[in-house]
Amino acid sequence: ILGRDDRLVAKLADVVQKIDATFVAVIGTPVPAVIATDYLALKRMSEKKIKLPILTVDTDGMELYDKGEEKAFLELFKIFAIEKYQAEEDRIGILGMTPQDVSDLKAADKIRKVYADQGMRAICYGMGDGLDEVRNASLAAKNVVVSPAALKVAQYLQKKFGTPYEIAYPLASELVPEVNYQGKKILIVQQQVIANAVRKEIKKRTGEKEAITTATWFMRKEEILTDLNVDAADDISLKEEDDFISLVEKEGYDVIFADPCMERMIPGFEGVFIPLTHFAVSGKLNV
């Protein structure tokens with residue numbers, strides 16, 4: 001976008017005549033951010049020419065991936081989750097399921113099986129369950145937030161439809177191998193929800209209060225700390241690689257959960273390193 005909104009709208013109108021489109025999404029990049037593009041005006045201009053829902057996401061290309069996810073999730077549900085239906089008791093909405101966040105293309109099917117074994121149906125928005133399920137979002141009896149980027153949309157759906165939500169990762173147990181964690185000093189580096197879910201799983205297994213710290217390169221929500229009754233001092237934001245290296249050198253951890261690519265940053269670490277893949281860090285997926 002270089003300031004000629006009329007040309008952009010004309011191109012969009014031309015494209016939707018040639019493909020079978022369900023909606024139009026305009027996603028911001030650095031140039032429209034610099035020239036202060038008015039996304040609301042752009043949306044209104046487009047709606048006059050195009051008979052499809054128009055989604056505009058005012059990202060600027062300068063922040064981390066989860067900030068864009070958060071905005072896109074919210075816009076998607078605001079545009080399409082309109083109707084309020086009678087909630088179905090056995091229906092669970094899973095919010096925040098993206099490969100970047102769960103790092104496993106099979107994760108959605110695994111979560112569906114976890115809930116199916118309990119006699120419930122899990123709707124994994126964005127990983128197998130598409131736009132029709134977004135439209136039916138109010139049918140969910142409860143939403144489960146599996147990444148920090150989905151917290152705002154869960155709060156929006158609670159306000160709009162009264163749908164309660166919880167913050168959890170249903171597959172946490174498979175991420176924690178059988179290792180002796182008792183009395184150990186442990187660091188878990190992942191997106192905030194999965195990191196906290198792994199911490200909770202370790203404490204459930206040991207029944208003790210191990211010194212467990214979580215850290216993330218990405219979004220860190222105070223609401224998640226409050227919800228999980230976690231001390232803020234045990235939840236750290238990392239900005240640079242040196243932050244991670246210094247943290248490990250200073251604290252003397254016995255066990256570290258982190259993406260495998262991060263093991264190379266700490267060649268002097270003598271404890272147990274447990275791979276915890278995060279696609280947004282390494283570009284790798286669990287297979």
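Phe218 is buried in this predicted model, with a relative accessible area of 14%. That puts Phe218 below the 20% cut-off for a buried residue. Its ring partner, Tyr65, comes out as partly exposed, at 21%.

The two rings belong to a set of five aromatic pairs that turn up when the whole structure is searched. With 5.0 Å between the ring centres and 80° between the planes, Tyr65 and Phe218 count as edge-to-face, since anything over 60 degrees falls in that class. Tyr65 sits in helix α4 (residues 65–80), while Phe218 is in the loop that runs between β8 (211–216) and α10 (222–227), so the contact ties together parts of the protein 153 residues apart in sequence.

The loop between β8 and α10 also supplies Trp217, which pairs with Phe244. Here the geometry is tilted, at 6.4 Å centre to centre and 55° between the planes. Phe244 comes from helix α11 (residues 241–251), so this pair links parts that are 27 residues apart in sequence. Both Trp217 and Phe244 are buried.

Another aromatic ring has a lysine for company: Lys185 lies over the face of Tyr253, 5.7 Å from the ring centre.

Turning to the surface, Val31, Val34 and Ile35 make up a nonpolar patch of about 270 Å². Of these residues, Val34 is found in helix α2 (residues 30–34) and is exposed, with a relative accessible area of 71%.

Technical notes. Residues are numbered from 1 along each chain as its sequence is written. This is a predicted model: local features need pLDDT of at least 70, side-chain atom pairs count only at pLDDT 80 or more; totals for chains, interfaces and linings use all residues. Side-chain values use heavy atoms; hydrogens and water are left out. Rings of Phe, Tyr and Trp (its six-membered ring) pair if their centres lie within 6.5 Å; planes under 30 degrees apart count as stacked, over 60 as edge-to-face and the rest as tilted. Helices (H or I, at least four residues) and strands (E, at least two) are DSSP runs, numbered from the N terminus. Buried means under 20% relative accessible area, exposed over 50%, partly exposed in between (1.4 Å probe, protein chains only). A charge sits over a ring if NZ of Lys or CZ of Arg is within 6 Å of the ring centre and within 35 degrees of the ring normal. Patches are made of residues with over 30% relative accessible area and no salt bridge: like charges are joined within 9 Å, nonpolar side chains (Val, Leu, Ile, Met, Phe, Trp, Tyr) within 5 Å. Accessible areas come from the Shrake-Rupley method with a 1.4 Å probe; for residues, only the protein chains shown count as cover. A salt bridge is a side-chain nitrogen of Lys or Arg within 4 Å of a carboxyl oxygen of Asp or Glu.
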